[in-house]
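Good morning, and thank you for the opportunity to present. Please keep the sequence and the coordinates in view as I go through the model.

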Amino acid sequence: MTTHTLTLALAQMRCEKAGIEANLAATTAAIAQATAAGADILCLPEGSLTGYIDPLHYPHDAIALDGPGVVRLLALTCGYSLTLIAGLVETNPVGPPFITQLVARNGRLLGIYRKRTIPADESHLFTPGPPSGPAATPIFTHTAVPFGLAVCADIDTPAVFADAARAGARLVFECAAPGLYGPQETRDWRAGHDWWRGECHTKPARYARDYGLVIAAATQAGRTRDEDFPGGGYVFDASGACLAESADWLEGLLVARIAIADDQTAR
């Protein structure tokens with residue numbers, strides 16, 4: 001049995017809506033911090049580049065994978081050995097946009113994952129990714145460790161994690177931006193953070209145990225112009241135990257070193 005050790009950096013990051021310039025600056029800072037910490041993979045939350053935009057309110061702010069925003073994002077990874085996972089709302093020429101997470105390394109786009117689970121109250125806003133097949137479950141690799149992706153509401157779809165395990169993933173990143181309900185002026189940040197922490201300790205922890213995966217979560221944090229996010233970075237091992245978690249809902253970077261056996265198999 002061979003065991004591979006990886007250092008993961010999970011960003012609790014404020015991602016302003018339609019704020020690509022600010023979000024690129026935050027990404028630049030996160031890459032520098034993750035590199036200084038010796039990270040192999042830096043995972044940013046859902047919507048890290050565009051913000052989690054409602055296409056009805058921001059009709060011109062979804063972006064294309066070959067557009068200038070993504071080109072500039074890819075350029076930020078040039079000269080680094082780490083793998084970057086970042087999120088955007090992606091234009092769709094035949095319908096509502098996709099919620100997409102991309103994987104990049106050293107200036108190259110390695111592939112994408114499109115969120116499969118669109119909540120009912122957003123079904124008119126976004127197009128889900130394919131429910132099955134290779135496009136639904138792309139597998140990426142960093143230093144011989146295969147990993148997959150899930151995005152926010154995919155946390156409610158066990159098949160997303162089971163499919164990744166069956167496709168050979170040993171590690172899955174849950175990239176999230178769960179908006180908090182209620183008026184911003186009376187926001188209870190602790191309650192919001194505790195709610196999302198409970199979701200992660202319940203669902204990804206169970207999927208880790210059920211499917212023999214390491215699961216790591218990175219969540220948007222803080223206040224945007226019209227929505228707040230709870231933050232939270234978490235790492236669960238293949239027994240479902242929490243190996244590391246962020247202390248609170250504030251912006252920051254959770255760095256965790258993990259060991260993954262290459263004979264880990266889906267259960």
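I begin with the interior. The largest nonpolar core has 57 residues, and those touching the most other members are I85, F147, F161, L171 and F173. By nonpolar core I mean a set of buried Ala, Val, Leu, Ile, Met, Phe, Trp, Tyr and Cys residues joined through side-chain atoms within 4.5 Å. Helix α4, residues 189–211, gives this core its largest share, 6 residues. A second, separate core of 23 residues has L73, L102, A104 and L253 among its members.

Before going further, I should state the basis of these values: this is a predicted model, in which local features need pLDDT of at least 70 and side-chain atom pairs count only at pLDDT 80 or more, while totals for chains, interfaces and linings use all residues. Residues are numbered from 1 along each chain as its sequence is written, and side-chain values use heavy atoms, with hydrogens and water left out.

As for the terms, buried means under 20% relative accessible area, exposed over 50%, and partly exposed in between, with a 1.4 Å probe and protein chains only. Helices (H or I, at least four residues) and strands (E, at least two) are DSSP runs numbered from the N terminus. Contact means heavy atoms within 4.5 Å.

Which residues does I85 touch? Not counting residues up to four places away in sequence, the contacts of I85 are I41, L42, C43, L44, Q101, L102, V103, F147, L149, F173 and C175.

I turn now to helix α3, residues 158–166. Its buried residues are V160, F161, A162, D163, A164 and A165. They pack against the strands β5 (108–114), β7 (145–151), β8 (171–176) and β9 (214–219), and also against α4. Just after α3, G168 takes a positive phi of about 110°.

Is the charged residue of this helix that I single out, D163, buried or exposed? D163 counts as buried because its relative accessibility is 18%. Its side chain makes a polar contact of 3.1 Å with the side chain of R116, and another, of 2.6 Å, with the side chain of R166. A polar contact here is a pair of N or O atoms within 3.5 Å; within protein, one must be able to donate a hydrogen and the other to accept it, and residues adjacent in sequence count only if both atoms are side-chain atoms. Leaving aside neighbours within four places in sequence, D163 is in contact with R116, P131 and T137.

A second acidic residue deserves attention. E16 sits in the loop between β1 (3–12) and α1 (20–36). E16 is classed as buried because its relative accessible area is 10%. A polar atom of the E16 side chain lies 3.0 Å from the backbone nitrogen of R225. Beyond four places in sequence, E16 touches N23, T50, G51, T224 and R225.

Next, the empty space. On a 1 Å grid over the protein atoms alone, a cavity is a set of points where a 1.4 Å probe fits but cannot get out; a pocket is an open set with protein on both sides within 12 Å along at least five of seven lines, and lining residues have an atom within 4 Å of a point. Grid points are joined across faces, edges and corners, and a volume is the space filled by probe spheres set on the points.

The structure holds 1 cavity of 30 Å³ or more, and the largest cavity has a volume of about 30 Å³. Its lining consists of Y113, A136, T137, P138, G148, L149, V160 and A164. Both β7 and α3 supply at least two residues of that lining. By class, the lining has 6 nonpolar, 2 polar and no charged residues. In this scheme Ala, Val, Leu, Ile, Met, Phe, Trp, Tyr, Cys and Pro count as nonpolar, Asp, Glu, Lys and Arg as charged, and the others, Gly among them, as polar.

The largest pocket encloses about 670 Å³. Of its 31 lining residues, Y52, E122, G179, Y181 and E227 lie nearest the centre. Helix α4 supplies the largest share of this lining, 3 residues. The lining divides into 14 nonpolar, 5 polar and 12 charged residues.

Finally, L76 belongs to helix α2, residues 68–76. L76 is partly exposed because its relative accessible area is 24%. Apart from residues up to four places away in sequence, L76 touches L24, T27, T28 and I31.
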